[in-house]
Amino acid sequence: MPNEFQHIKFTIEERVARITLARPPLNVFDIAMMREMSDALNECLPQRDLAAIVFDAAPETRAFSAGVAVEEHVPETVYQMLDAFHSVFRLLTQISRPVIAVVDGPALGGGCELVTACDIVIASERARFGQPEIKLGVFPPVAAILLPRIIGEKRARELIMLGDMIDANEAMRLGLVNYVVPGAELEPKLQSVLGKVRDLSASALAMTRAALDLGGQTSFQSALTEVENLYLHELMKTEDAHEGVRSFMEKRKPEWRHK
C-alpha cells in the first residue's frame with residue numbers, strides 16, 4: 001500500500017480490506033490514528049471488487065479500543081476530533097460493503113461505537129462492551145443513533161445513560177454481537193465468514209448494505225449531522241462537559257454543576 005501508517009496496519013488481500021488497530025496499549029483513538037483509519041478507507045473506495053472490510057486489534061494491544069482520546073475533547077481540538085472520528089463512519093457508509101469487527105478484549109466508548117457500526121461482530125469470551133461517556137459529562141453521538149436500532153430503545157438508553165459495561169454473552173443476547181468464540185477460534189471464525197462473503201457479488205453486497213441503511217427512519221448521514229450539532233454547539237458549551245474531561249485528566253471525581 002502507498003501509505004505508511006503508524007497507528008494501524010492496513011492490507012487488502014483476496015478482496016478483503018483489513019484495518020488492524022495498533023496503538024498500544026489500549027488502541028485509544030487520537031486524531032492522528034483516526035485520520036489514518038480514514039486514509040485506509042479512502043484506499044478502499046476505488047476497489048470495485050471489494051468483498052468486505054475487517055477491523056481487528058494487534059496482538060500487542062490489550063483492547064479492541066478503549067475509545068477516543070479524552071484529552072482531545074477540549075475546546076481547542078473537539079471539532080477536529082469529532083470530524084476525524086465521524087469521517088470513519090461516513091466512509092463506511094460511502095464504501096457500502098460488509099464490515100466485520102473481530103473483538104478480543106474491551107471495546108469501550110468510540111471502540112464500542114465502531115463495533116456498533118459493523119455488520120457482523122465476532123467476539124472472544126473476554127470481550128467487553130460499553131459507552132461510559134456519560135461519566136465524563138458527554139454522550140456518544142454514533143451510539144445514540146445506531147445502538148437503539150440494534151439492541152432496542154430501552155437497553156440502548158440504559159447503557160448510554162448509565163455508562164454500564166456488558167460482557168460478550170450479554171452483547172450477543174442483545175444483538176450487538178453475532179458470535180462469541182474462544183480467543184483461539186477468532187481467526188478461523190472470521191475466515192469462515194469471509195469465505196461466504198467472497199462467494200457473493202460485490203455490487204449486490206454494496207446495494208444490499210445501502211438498502212439496509214435506508215431501513216432506519218432517518219438516514220445515518222443526516223442524523224449524524226444533527227447529533228454533531230447538538231454535541232458541538234450545545235453540549236460542549238456546558239460547564240459539566242468541560243469538568244468531566246478535566247476531572248478525567250486530573251484523575252479525580254468530577255464535581256458536577258449541572259449546567
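Helix α2 gives the most to the lining of the largest pocket, with 4 residues. The model is predicted. In it, α2 spans residues 78-95. Two other helices, α3 (110-116) and α10 (239-249), join α2 in supplying at least two residues each to that lining.

The largest pocket holds about 580 Å³ of space. Its lining counts 29 residues, and A66, V68, V70, L136 and F248 are the closest to its centre. By class, 19 of the lining residues are nonpolar, 5 are polar and 5 are charged.

Now the second largest pocket. Its volume is about 450 Å³. Here 21 residues form the lining, with T116, A117, D119, L146 and D213 nearest the centre. Helices α2 and α3 each supply at least two residues here too, as do α4 (141-151) and α8 (202-214). The lining divides into 11 nonpolar, 6 polar and 4 charged residues. Helices α2 and α3 thus appear in the lining of the largest pocket and in that of the second largest.

Next come the aromatic rings. The count of aromatic pairs is 4. One of them joins F29 and F85, with ring centres 6.2 Å apart and planes at 35 degrees. An angle under 30 degrees would count as stacked and one over 60 as edge-to-face, so this pair is tilted. The contact links distant parts of the chain. F29 sits in the loop between β2 (16-21) and α1 (31-44), while F85 belongs to helix α2, 56 residues away. Both residues are buried.

F85 has a further partner in F89. Their ring centres lie 4.9 Å apart and their planes meet at 85 degrees, an edge-to-face pair. What separates F85 and F89 along helix α2? They are 4 residues apart, so about one helical turn lies between them.

Are F85 and F89 buried or exposed? The cut-off for buried is under 20% relative accessible area. F85 has 4%, so it is buried. F89 has 2%, so it is buried as well. Taken together, ring pairs link F29, F85 and F89 into a cluster. Helix α2 holds two of these residues, F85 and F89, and F29 comes from the loop between β2 and α1.

One last ring involves a charge. K189 lies over the face of Y179, at 4.0 Å from the ring centre.

Notes
Residues are numbered from 1 along each chain as its sequence is written. This is a predicted model: local features need pLDDT of at least 70, side-chain atom pairs count only at pLDDT 80 or more; totals for chains, interfaces and linings use all residues. Side-chain values use heavy atoms; hydrogens and water are left out. Rings of Phe, Tyr and Trp (its six-membered ring) pair if their centres lie within 6.5 Å; planes under 30 degrees apart count as stacked, over 60 as edge-to-face and the rest as tilted. Buried means under 20% relative accessible area, exposed over 50%, partly exposed in between (1.4 Å probe, protein chains only). A charge sits over a ring if NZ of Lys or CZ of Arg is within 6 Å of the ring centre and within 35 degrees of the ring normal. On a 1 Å grid over the protein atoms alone, a cavity is a set of points where a 1.4 Å probe fits but cannot get out, and a pocket is an open set with protein on both sides within 12 Å along at least five of seven lines; lining residues have an atom within 4 Å of a point. Grid points are joined across faces, edges and corners, and a volume is the space filled by probe spheres set on the points. Ala, Val, Leu, Ile, Met, Phe, Trp, Tyr, Cys and Pro count as nonpolar, Asp, Glu, Lys and Arg as charged, and the others, Gly among them, as polar.
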